[in-house]
Amino acid sequence: MAHEQAPAHRDRPWRGIMVATALPFRADGSVDHDAYARHVARLIAEGCDGVVPNGSLGEYQTLTDAERARVVRTAVEAAGDGARVMPGVSAYGGAEARRWAEQAAEAGAGSVLLLPPNAYRADEAAVRDHFAAVAAVGLPVVAYNNPLDTKVDLTPALLARLHADGSVVAVKEFSGDVRRAYEIAELAPGLDLLIGADDVLLELALAGAVGWIAGYPNALPRTCAALYRAAVAGDLDTALPLYRSLHPLLRWDSKTEFVQAIKLSMDLAGHHGGITRPPRLPLAPEQEAAVRAATEKALAEGHA
């Protein structure tokens with residue numbers, strides 16, 4: 001099967017298309033681990049390089065400890081190779097995040113994704129201590145910069161210091177400021193830049209990104225994989241028309257309702273998206289109509 005093949009980037013498994021996986025729930029709100037395993041296997045079979053369980057798209061904040069741990073184990077087993085799995089290990093403090101990194105290592109994951117401390121506006125010393133504590137587990141750590149939600153900005157200068165500390169190997173850049181790509185490359189040339197928001201994919205790919213922690217491949221894996229590979233190859237004749245066609249969907253990845261939007265698109269594409277857990281509520285009627293129209297247009301154009 002496709003998922004038995006070696007990852008495209010064996011030595012740096014965080015590179016390529018790592019899908020931040022949506023998590024299916026049953027009608028009673030419990031996690032459908034069997035459906036999740038099928039989803040992971042399908043993504044890899046259809047051209048994605050790996051998966052990121054327990055990210056925001058996976059609604060990790062709503063999971064119990066037992067559910068969160070089992071999701072990682074399920075992803076590793078379904079992927080067929082732990083190198084393909086980058087669990088989110090974010091937590092309020094470094095001690096808890098480190099425990100999740102240890103659990104990821106025990107499950108056989110190849111790397112982890114980590115937000116800065118987000119219980120308060122942490123200063124630089126606290127951020128560096130937080131990342132060092134998790135890096136000490138021994139798995140490669142990908143930093144996640146999302147200053148919009150965490151209120152802690154991993155600036156290019158701070159990322160360079162974290163990289164020099166030996167605490168991070170890459171950054172998922174979600175600030176939306178594509179200009180940062182060039183400053184990161186100047187200050188930390190050995191730090192891998194990963195696309196963190198679907199709607200700046202082309203801009204960051206052309207700026208030197210070597211990976212994409214992706215949302216919309218949950219619904220349209222083959223087309224999104226084709227878009228990413230054309231973008232990083234600089235094939236604008238292929239990438240630009242695809243990007244324009246998909247952008248009405250991709251921009252939902254940067255909206256508050258991104259989980260609901262992507263799950264609706266999954267349902268429309270014939271995959272199990274389903275419900276979200278509270279506090280996320282269903283999309284408002286006008287939002288649902290917009291997502292539905294953009295998804296149906298993409299499917300009518302042959303995107304899948």
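The lining of the second largest cavity splits by class into four nonpolar, two polar and three charged residues. This comes from a predicted model, and the lining can be spelled out in full: Glu173, Ser175, Gly176, Asp177, Val178, Arg180, Ala181, Val200 and Leu204. There isn't much room to describe here, with about 40 Å³ of space in the second largest cavity.

How does one go looking for such gaps? Rolling a probe the size of a water molecule over the atoms shows where empty space is left. Searching the whole structure this way turns up two cavities of 30 Å³ or more. The largest cavity holds about 50 Å³ of space. Around the largest cavity sit Asn54, Gly55, Ser56, Tyr60, Gly88, Ser90, Leu113, Leu115 and Tyr144. No charged residues turn up in the lining of the largest cavity, just four nonpolar and five polar ones.

Then there are the pockets. The largest pocket offers about 810 Å³ of space, and 34 residues line it. Which residues lie nearest the centre of the largest pocket? They are Ser56, Gln61, Asn146, Asp149 and Arg280. Ser56 is worth a second look, as this residue also belongs to the lining of the largest cavity. Sorted by class, the lining of the largest pocket comes to 14 nonpolar, 12 polar and eight charged residues. At least two lining residues come from each of α5 (147-150), β7 (211-214) and α11 (258-268). Of the lining of the largest pocket, α5 supplies the largest share, at three residues.

The second largest pocket has about 230 Å³ of space. Its lining is made up of Gln260, Lys263, Leu264, Asp267, Gly274, Ile275, Thr276, Leu281, Pro282, Leu283, Glu288 and Arg292. Two elements, α11 and α12 (285-300), give two or more residues to this lining. Between them, α11 is the main giver, with four residues in the lining of the second largest pocket. As for chemistry, the lining of the second largest pocket counts five nonpolar, three polar and four charged residues.

The loop between α11 and α12 has a quirk of its own, and Pro279 is where to look for it. The peptide bond from Pro278 to Pro279 is cis, with omega near 15°. A backbone oddity also shows up at Glu59, which has a positive phi of about 55° even though this residue is not a glycine. Glu59 is found in the loop between β2 (50-52) and α2.

That loop leads on to the helix packing. At what angle do helix α2 and helix α3 pack? For α2 (residues 65-79) and α3 (residues 94-107) the angle is about 35°, and the axes of the two helices are 9 Å apart. The crossing of α2 past α3 is right-handed. On the α2 side, the contact is made by Asp65, Arg68, Ala69, Val72, Arg73 and Val76, while α3 brings in Trp100, Gln103, Ala104 and Ala107. Put into classes, the residues of this α2 and α3 contact are six nonpolar, one polar and three charged.

Finally, how confident is the predictor about the model? The protein chain has a mean pLDDT of 95, and 97% of its residues reach 70 or more. Residues 1-6 are another story, with pLDDT under 50 throughout. For residues 1-6, the model has 11 contacts beyond four places in sequence.

How values were computed:
Residues are numbered from 1 along each chain as its sequence is written. This is a predicted model: local features need pLDDT of at least 70, side-chain atom pairs count only at pLDDT 80 or more; totals for chains, interfaces and linings use all residues. Side-chain values use heavy atoms; hydrogens and water are left out. Axes are lines fitted to C-alpha atoms, for helices over the stretch in contact, and angles run from 0 to 180 degrees between N-to-C directions. A crossing is left-handed if the near helix is turned anticlockwise from the far one by less than a right angle, and right-handed if clockwise. Contact means heavy atoms within 4.5 Å. Ala, Val, Leu, Ile, Met, Phe, Trp, Tyr, Cys and Pro count as nonpolar, Asp, Glu, Lys and Arg as charged, and the others, Gly among them, as polar. On a 1 Å grid over the protein atoms alone, a cavity is a set of points where a 1.4 Å probe fits but cannot get out, and a pocket is an open set with protein on both sides within 12 Å along at least five of seven lines; lining residues have an atom within 4 Å of a point. Grid points are joined across faces, edges and corners, and a volume is the space filled by probe spheres set on the points. pLDDT is the predictor's confidence in each residue, from 0 to 100.
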